[in-house]
Amino acid sequence: MFKKHTIALALSASFLLSGCLEVEDNNNDELISAIEEQNKATQEAETATLTGTVKNYVTDSLATNAQIQIKIGNTWSEAISLSDGMFELKNIPKHSDYVLLVTSTDGSFQQRAFYGNSGSGVSQLGSLSVTTTETIQFTALLDGENTPIKDLQFTYTTSLGLTDSTWQSRNEHFFSATYNEQTNLYSIEKPVGLGNAIALHIDMDVDNDAINDYELVQNYYNQSSVSFSTLNDDATILFKDTDVTQEYQLRVKVIDETGRVFSNIELVASSNDYESNPLTFDATENEYVYDFKGSSTLSVRMSAFTDVNGQNYLSDSFSVREVNGGLVVEGIYNQGNFQVEDGVVSVIFKANKGAQTTQVDLLSRTVNAMNNGYYLFFSKPIELTQDSISLVRRNSLTVIRGNESTTDSIPAGSTFFNRNDVDITTTSSMSLNDTFVEVLPEQALSVGRYKYRLNSVIDKETALDANYSFENEFMVADKAAFSIKDVKFDNNNGLKAGQLIHATNSAGVSVGSSSRSNDVNLYLPTSIASLAEFDITLTGYTRNGTMNPVYEELTIVSGEYIYNDSLRNLVSIALNETHYGDSGYAIKYTSLPDGLMYMHGLPWDVTYLDDNASGNVNTITFDYEYRVKGSKEVVTGSATVPVL
């Protein structure tokens with residue numbers, strides 16, 4: 001039932017009545033009054049309240065022509081008018097994400113959305129500002145040709161996060177420009193007074209192939225948006241066409257300071273730091289040649305070498321990339337020059353002399369995620385020693401149970417946890433006159449965290465050590481395809497379906513306690529490393545057979561980055577097992593198989609759940625959407641998962 005200025009959300013039946021009421025059978029008034037009082041007290045304990053005002057930014061006064069509605073989950077309430085600009089929203093589920101939408105009853109200001117989390121008790125949101133708009137028109141032109149571009153998408157948002165730092169991930173309120181075919185003008189409503197704080201985003205991927213078809217020319221706000229403060233009526237935005245596939249022939253002439261050409265050195269080209277595609281030598285023109293077709297930056301590495309007079313020259317590199325529709329060579333500095341003409345990039349590159357006093361510089365280092373190899377490029381020829389480069393598995397956990405062996409010192413009834421870095425054997429090979437190093441693990445790497453470390457090399461010219469302290473850490477994930485069925489909720493209480501996982505400890509002593517904890521967490525497989533995006537929205541949970549509403553969005557993976565990156569060891573032991581050593585970050589009373597999983601926390605009201613068991617339902621319901629790296633397909637769905 002709605003009241004003026006108040007939104008009361010419907011709650012589940014579990015909130016309506018509990019306990020026994022002792023009243024006379026012939027006194028219905030007392031019965032009704034008692035029920036109402038108990039329902040009111042229960043609702044106040046189980047729900048939250050939001051209060052605030054709506055203020056017109058332009059007039060600096062309360063918006064008496066405003067109306068407001070709230071969305072919890074996928075359900076919007078009815079809009080109610082605020083005759084005095086004030087609102088009080090009651091009976092909101094606690095700790096739930098919400099959206100407030102403020103609109104005008106007479107169209108005098110632009111609608112605006114506010115995102116937050118209800119928390120508990122009464123939340124005073126303060127003043128929510130709204131503003132009027134003015135219509136502006138602008139042109140989008142192709143630079144140099146002045147031809148109109150009609151298929152761009154211009155959007156912006158005025159949404160604001162109130163008590164939710166992750167509101168951008170669930171923002172769904174945007175305003176878009178329209179295009180007039182007759183005038184070749186875009187039109188959009190510009191919010192008055194908010195221009196400096198709002199950016200107009202431009203979608204330049206017209207054919208939706210994940211590659212932009214246009215780019216902004218220089219001097220705009222950033223690569224994908226312009227500021228409203230710089231966009232006035234009749235403004236012009238200039239773009240350039242992006243032909244993402246470049247095709248050219250690279251010709252490199254390597255000389256000394258006298259102009260003498262070197263013809264017997266190694267040059268390789270690569271679109272990354274680990275491939276090596278050799279340039280061929282054209283003896284007629286005394287140039288090294290490579291034909292390129294692609295969309296990435298091309299890097300060229302030159303090996304160190306010694307000329308016929310015994311003079312040493314250092315390794316070096318430069319790159320070729322597209323800038324503003326043309327090709328440029330970067331990294332040659334004062335060592336040469338380049339020219340681009342008729343699809344040919346001609347580079348004259350002066351090699352740098354080396355001396356015994358010249359130190360060995362590390363020019364590049366990278367880990368190849370495909371084969372877990374380590375690739376390094378040095379400025380001078382080097383030698384490797386047994387200790388030059390190491391690979392370890394980071395914080396590898398060893399678990400020794402008291403009943404595993406009679407030869408160890410672990411007593412029965414105890415489990416010992418030990419963490420340390422484990423050495424991984426590698427093989428190394430060198431190329432480019434011993435300046436380019438490839439390091440590969442001798443064995444397939446299991447799931448976990450690893451680290452390469454460069455300690456030292458030997459300068460082949462001086463036979464002296466060159467010492468370093470460079471490290472590259474990387475993660476090896478499960479190569480299996482991600483499945484939503486691998487998402488689990490476990491309360492780590494030593495029970496499964498209400499029954500003990502281990503009836504006795506490693507000494508054979510029966511477990512006396514029936515439970516250790518019931519803090520539920522979300523557990524995710526390491527295969528989420530294969531995802532570019534992954535969001536989970538909690539929509540409800542059942543505690544001991546009673547359904548409860550909740551709305552909480554969890555960002556798991558965004559932009560190929562795993563949020564709240566908490567990789568945990570799962571090791572199941574008995575509740576009465578003594579554990580010692582490095583056991584702090586291990587999950588020890590889990591129903592899940594031993595191994596590695598990512599753990600993600602849940603809202604506090606969803607945390608305390610018992611096992612799902614026959615006659616005692618405990619489940620969590622959620623919506624999900626994810627996208628695999630390199631794919632455009634977004635997989636969506638809903639699931640209800642038992643608490644383990």
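In this predicted model, the charged end of R301 sits over the ring of F377, at 5.8 Å from the ring's centre. This contact between a charge and a ring makes a friendly starting point for a look at the aromatic side chains.

Aromatic rings also meet one another here, and the structure holds 27 aromatic pairs. One of them brings together F416 and Y580, whose ring centres are 5.2 Å apart and whose planes make an angle of 45°, a tilted arrangement. The two partners come from distant parts of the chain: F416 belongs to strand β38 (residues 414-424), Y580 belongs to strand β51 (residues 578-581), and 164 residues separate them. How accessible are the two residues? F416 has a relative accessibility of 22%, so it counts as partly exposed, since buried residues must fall under 20%. Y580, with a relative accessibility of 31%, counts as partly exposed as well. Elsewhere, aromatic residues gather in a group: F482, F489, F534, F622, Y624 and Y626 form one cluster.

The strands offer a second theme, and β41 (residues 448-459) is a good one to follow. Nine of the twelve residues in β41 are buried, which leaves the strand mostly covered. Strand β41 pairs with several neighbours. With strand β36 (residues 382-383), β41 runs antiparallel and shares two bridges; here I382 stands opposite D459 of β41. Strand β37 (residues 389-401) is likewise antiparallel to β41, and five bridges join the two. Within this pairing, L391 has Y452 in β41 as its bridge partner.

Strand β42 (residues 465-476) is another antiparallel partner of β41, joined to it by ten bridges. Across this pairing, S456 faces N467 in β42. The two strands β41 and β42 make a hairpin, with five residues lying between them. In that turn, A463 has a positive phi of about 65°. For a reader tracing such strands by eye, it helps to recall that side chains in a regular strand alternate between the two faces of the sheet.

A further set of pairings centres on strand β53 (residues 595-600). Strand β46 (residues 521-524) runs antiparallel to β53, and three bridges connect them. In this pairing, L524 stands opposite Y598 of β53. Strand β50 (residues 567-570) also pairs with β53 in the antiparallel sense, this time over four bridges. There, N569 has L596 in β53 as its bridge partner.

Conventions. Residues are numbered from 1 along each chain as its sequence is written. This is a predicted model: local features need pLDDT of at least 70, side-chain atom pairs count only at pLDDT 80 or more; totals for chains, interfaces and linings use all residues. Side-chain values use heavy atoms; hydrogens and water are left out. Rings of Phe, Tyr and Trp (its six-membered ring) pair if their centres lie within 6.5 Å; planes under 30 degrees apart count as stacked, over 60 as edge-to-face and the rest as tilted. Buried means under 20% relative accessible area, exposed over 50%, partly exposed in between (1.4 Å probe, protein chains only). A charge sits over a ring if NZ of Lys or CZ of Arg is within 6 Å of the ring centre and within 35 degrees of the ring normal. Two strands pair if DSSP finds at least two bridges between them.
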